[in-house]
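Student: Could you show me how to read the pockets and cavities of a protein model? I would like the general idea and then the case at hand.

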Amino acid sequence: MTDKTDIKEKNIMPFVPTRDLVVFPGMTMHFDVGRARSVRSIKNAMGSDGLVFLCAQKDINVEEPEKKDLFKIGTIAVVKQIVKVSGGVYRCLVEGVRKARLVDIYEYEDCYEAMVRRVSNYSRERLSANEQLAVFREVMNAFESYAEYLPKMPQELYNQILGSKSLVSLFEGIAFNVPMPFSDKQALLEAGSVGEKLVALLTILARELEVLRIERDIHQQVHAQIEDNQREYYIREQIKALKGEIGEDDDIDEIAQFNAKIDELPLSEETELKLRAEVRRLSKVGLMSQEGSVIRTYLDTVLGLPWGIMTEETADIAKAQKILDEDHYGLVKVKERILENLAVRQLTPEIKGQIICLVGPPGVGKTSIAKSVARCLDRKFVRVSLGGVKDESDIRGHRKTYVGAMPGRIINAMKLAGTSNPVILLDEIDKMSNDFRGDPSSAMLEVLDSEQNNAFRDHYIEVPFDLSNVLFITTANTLDTVQPPLLDRMEVIELSSYTREEKFHIAKEHLIKKQLKKHGLNGRLVRFNNDAVYRLIDSYTREAGVRKLERSIGSLCRKAAKEIVENEAKRVTFKGSELEKYLGHPKYLDDYYSKEDTVGTVNGLAWTAVGGVIMPLEVMVLDGKGKVELTGSLGDVMKESAKIAVSYCRSVAAKYDINEEFYEKNDIHVHAPEGAVPKDGPSAGVTMITGLISALSGLKVRADVAMTGEITLSGKVLPIGGLREKTMAAYKAGIKTCIIPFANKPDLDEVDDAVKLGLDFVFAKTIEDVLDNALIDDRKGRVPLGLLEKKPVKRGRKLTV
């Protein structure tokens with residue numbers, strides 16, 4: 001303990017207001033400091049002579065206390081140690097030295113200081129010697145009684161206090177160590193002599209002793225009540241036994257019902273033994289117990305599953321064809337694949353384990369196709385959403401030992417279906433992820449494995465359940481995030497994005513009728529002209545599916561309903577030229593492309609996730625030193641195509657009257673408009689060569705020609721993908737001739753009939769075939785280059801359908 005004589009004669013020192021804390025002189029303790037001013041004050045004290053004035057607040061909720069918010073008496077203490085713990089909080093070790101009276105406080109921006117007047121720790125004693133002895137004995141007796149109610153009090157502390165020889169040691173032993181409200185401790189600090197402090201302490205101990213006695217009485221009453229409840233439970237059990245003797249036991253009836261259900265169901269031996277064991281456990285623990293309610297819920301869940309219940313299916317191909325055509329327009333290959341599967345089921349009804357995966361962009365009808373398949377087979381349909389599933393227990397369920405346990409989504413779907421052979425749609429299977437709780441994709445391996453799912457074990461039901469009769473259909477937007485073992489178990493059917501013509505027919509035959517009905521309208525009240533539907537597709541939506549198109553049609557239906565109600569219009573007709581009045585300015589503009597025969601500008605074709613687009617390329621030749629500049633956010637593959645184009649042009653420079661030293665004396669700039677849109681892929685190779693030869697030779701490129709194809713260094717044209725979408729973009733833009741690789745000729749079967757009727761197709765084997773049909777010499781009339789050279793040009797031809 002620091003000697004009192006060590007305190008310098010000073011009246012102003014750092015000050016810390018304490019909350020719910022009183023420090024006595026001679027007392028060493030830890031406490032936390034978190035307020036910024038208090039932290040700075042304690043640091044100031046530590047940085048000087050170590051002295052700080054501690055005074056308690058009257059209201060612990062006051063954040064910035066003033067003098068009126070503080071008690072008048074506090075303690076001067078020595079700061080022994082400061083340690084930063086976390087969150088700007090500091091733990092301080094202090095030792096109380098001297099009692100002091102607060103005169104005034106000084107608030108600065110970052111700290112407190114206080115003017116104090118030191119007072120004696122213990123004032124002059126007013127009690128006589130006999131009175132002091134009496135108080136000493138009373139306090140000692142009160143502490144002994146108090147200690148009887150606190151069995152956790154350390155024995156060393158108990159012995160220390162009972163061994164006190166003086167009033168001061170007795171007071172400090174109790175006041176420093178016995179827990180009591182800080183207001184009581186403040187009253188003890190403010191008391192003058194040690195006798196007055198002990199009298200106040202005696203009052204506090206007497207009050208606390210009475211509270212402890214009341215608490216013990218309440219505890220004894222509660223304990224007695226618990227014993228009474230146990231006695232009541234025992235009597236009730238005897239009453240239940242007596243009721244069982246006279247046939248009035250409800251529990252026995254319910255257990256008999258469970259046994260009867262088990263007898264009725266076609267269960268395997270393993271499952272029956274498990275359920276019989278659970279019923280026996282239930283009869284022992286009772287239905288009203290906590291464990292009994294868990295067992296009863298388990299039995300209700302397991303016995304509620306469709307054990308052996310089958311829906312009679314019909315695999316009628318003609319009926320299925322009719323349903324698919326009613327529900328969906330187009331999707332010819334998808335329908336064909338589904339009908340093939342149904343045909344196999346008709347020939348071999350016992351076939352099991354078919355898992356179909358429908359892959360395609362959002363909004364193309366994957367979920368609705370699954371519903372149509374269920375209709376074709378006359379089976380029940382259940383949808384299970386897997387998007388965002390991270391926990392394996394979502395698939396396999398929780399073990400019933402956990403509170404609130406339930407079966408997984410697969411078993412729950414079977415219970416909802418009420419049959420053992422439903423069509424279950426596992427929606428968004430590519431959106432599953434994993435974390436520390438397990439990998440749901442791994443759990444799906446057993447569900448989708450035809451060799452294992454005949455005995456699928458959910459963690460909750462704990463018995464095998466046959467899923468082999470279920471027709472699982474999964475959907476995904478991409479296969480990149482699906483695990484290879486899981487993908488290997490599924491038959492993948494790809495759904496591509498809808499073309500412009502398909503969207504038009506879907507809108508006319510399905511969406512408009514659906515939205516009119518939804519908004520209480522009909523075809524007599526509202527009419528959509530064909531040009532209005534095309535305008536919606538081209539200028540107000542740009543998507544792979546038709547969801548935005550349906551929302552736009554719904555918006556127009558609402559506006560029509562308002563016009564009919566407000567203006568009493570007899571009929572509302574939407575025309576393409578009037579859509580801006582209803583929907584505002586167009587959200588999407590037509591593709592930019594070359595509309596005039598131009599040197600160095602070529603109309604290429606590109607594929608995007610929402611369909612095909614015209615991708616013009618512009619080539620400019622400048623005086624320079626052979627530098628090739630590529631702009632327009634071109635990817636690595638397109639940059640390589642540009643290098644191939646330059647090399648090929650060098651090889652045929654003489655043929656097209658090109659300066660053979662252009663690669664040394666000219667700079668070449670290739671640009672793809674809409675520079676903010678990233679572009680990549682090999683199919684722009686023929687476009688780059690055509691544009692480069694046109695710019696170098698001065699020959700113009702036909703504006704009514706669009707092309708696509710990968711090029712090799714020797715000039716061969718290789719096949720490309722996305723032909724269906726690319727040709728639709730050319731048809732929509734009004735292009736007359738489309739040059740495509742010869743190897744893509746069989747892919748024209750997938751192209752819309754309207755596109756095949758509206759375009760001339762040129763099938764190119766080499767780049768010469770492309771150049772002969774794309775380049776013209778306007779000095780000799782607008783004639784393709786191939787005809788000027790009297791070469792057998794591969795003219796485009798109309799395809800008959």
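Tutor: Gladly! Let's start with a term we will need: helices and strands here are DSSP runs, numbered from the N terminus. Keep in mind too that this is a predicted model.

Student: Then which element gives the largest share of the lining of the largest pocket?

Tutor: That is H11, with four residues. H11 spans 332-347, and other elements that give two or more residues are strand E13 (491-494), helix H17 (500-518), helix H24 (723-733) and helix H25 (753-758).

Student: What volume does the largest pocket have, and which residues lie nearest its centre?

Tutor: Its volume is about 1000 Å³. The lining counts 38 residues, and Lys 333, Ser 496, Glu 502, Arg 724 and Glu 750 lie nearest the centre. Sorted by class, the lining holds 16 nonpolar, nine polar and 13 charged residues.

Student: How should I read the second largest pocket?

Tutor: In the same order of steps. The second largest pocket holds about 620 Å³ of space and is lined by 25 residues, with Gly 363, Gly 365, Ser 368, Val 546 and Glu 550 nearest its centre. Helix H12 (366-377), H17 and helix H19 (547-567) each supply at least two lining residues, and H12 gives the most, six. The classes come to seven nonpolar, nine polar and nine charged.

Student: And what makes a cavity, as opposed to a pocket?

Tutor: A pocket is open, whereas in a cavity a 1.4 Å probe fits but cannot get out. Here there are five cavities of 30 Å³ or more.

Student: What lines the largest cavity?

Tutor: The largest cavity, of about 270 Å³, is lined by 18 residues, and Lys 503, Val 610, Gly 611, Gly 612 and Lys 732 are the closest to its centre. H24 provides the largest share, four residues. By class, this lining has six nonpolar, four polar and eight charged residues.

Student: How many charged residues are in the lining of the second largest cavity?

Tutor: There are no charged residues in it; eight are nonpolar and four polar. This cavity has about 60 Å³ of space, and its lining includes Leu 21, Val 23, Ile 73 and Gln 186. Strand E3 (51-56), strand E4 (73-84) and helix H5 (182-190) each supply at least two of its lining residues.

Student: Turning to the surface, is Ile 214 buried, partly exposed or exposed?

Tutor: Ile 214 counts as partly exposed because its relative accessibility is 43%, between the cut-offs of 20% and 50%. Ile 214 sits in helix H6 (residues 194-245) and, with Ile 218 and Val 222, makes a nonpolar surface patch of about 250 Å².

Note on methods: Residues are numbered from 1 along each chain as its sequence is written. This is a predicted model: local features need pLDDT of at least 70, side-chain atom pairs count only at pLDDT 80 or more; totals for chains, interfaces and linings use all residues. Side-chain values use heavy atoms; hydrogens and water are left out. On a 1 Å grid over the protein atoms alone, a cavity is a set of points where a 1.4 Å probe fits but cannot get out, and a pocket is an open set with protein on both sides within 12 Å along at least five of seven lines; lining residues have an atom within 4 Å of a point. Grid points are joined across faces, edges and corners, and a volume is the space filled by probe spheres set on the points. Ala, Val, Leu, Ile, Met, Phe, Trp, Tyr, Cys and Pro count as nonpolar, Asp, Glu, Lys and Arg as charged, and the others, Gly among them, as polar. Patches are made of residues with over 30% relative accessible area and no salt bridge: like charges are joined within 9 Å, nonpolar side chains (Val, Leu, Ile, Met, Phe, Trp, Tyr) within 5 Å. Accessible areas come from the Shrake-Rupley method with a 1.4 Å probe; for residues, only the protein chains shown count as cover. A salt bridge is a side-chain nitrogen of Lys or Arg within 4 Å of a carboxyl oxygen of Asp or Glu. Buried means under 20% relative accessible area, exposed over 50%, partly exposed in between (1.4 Å probe, protein chains only).
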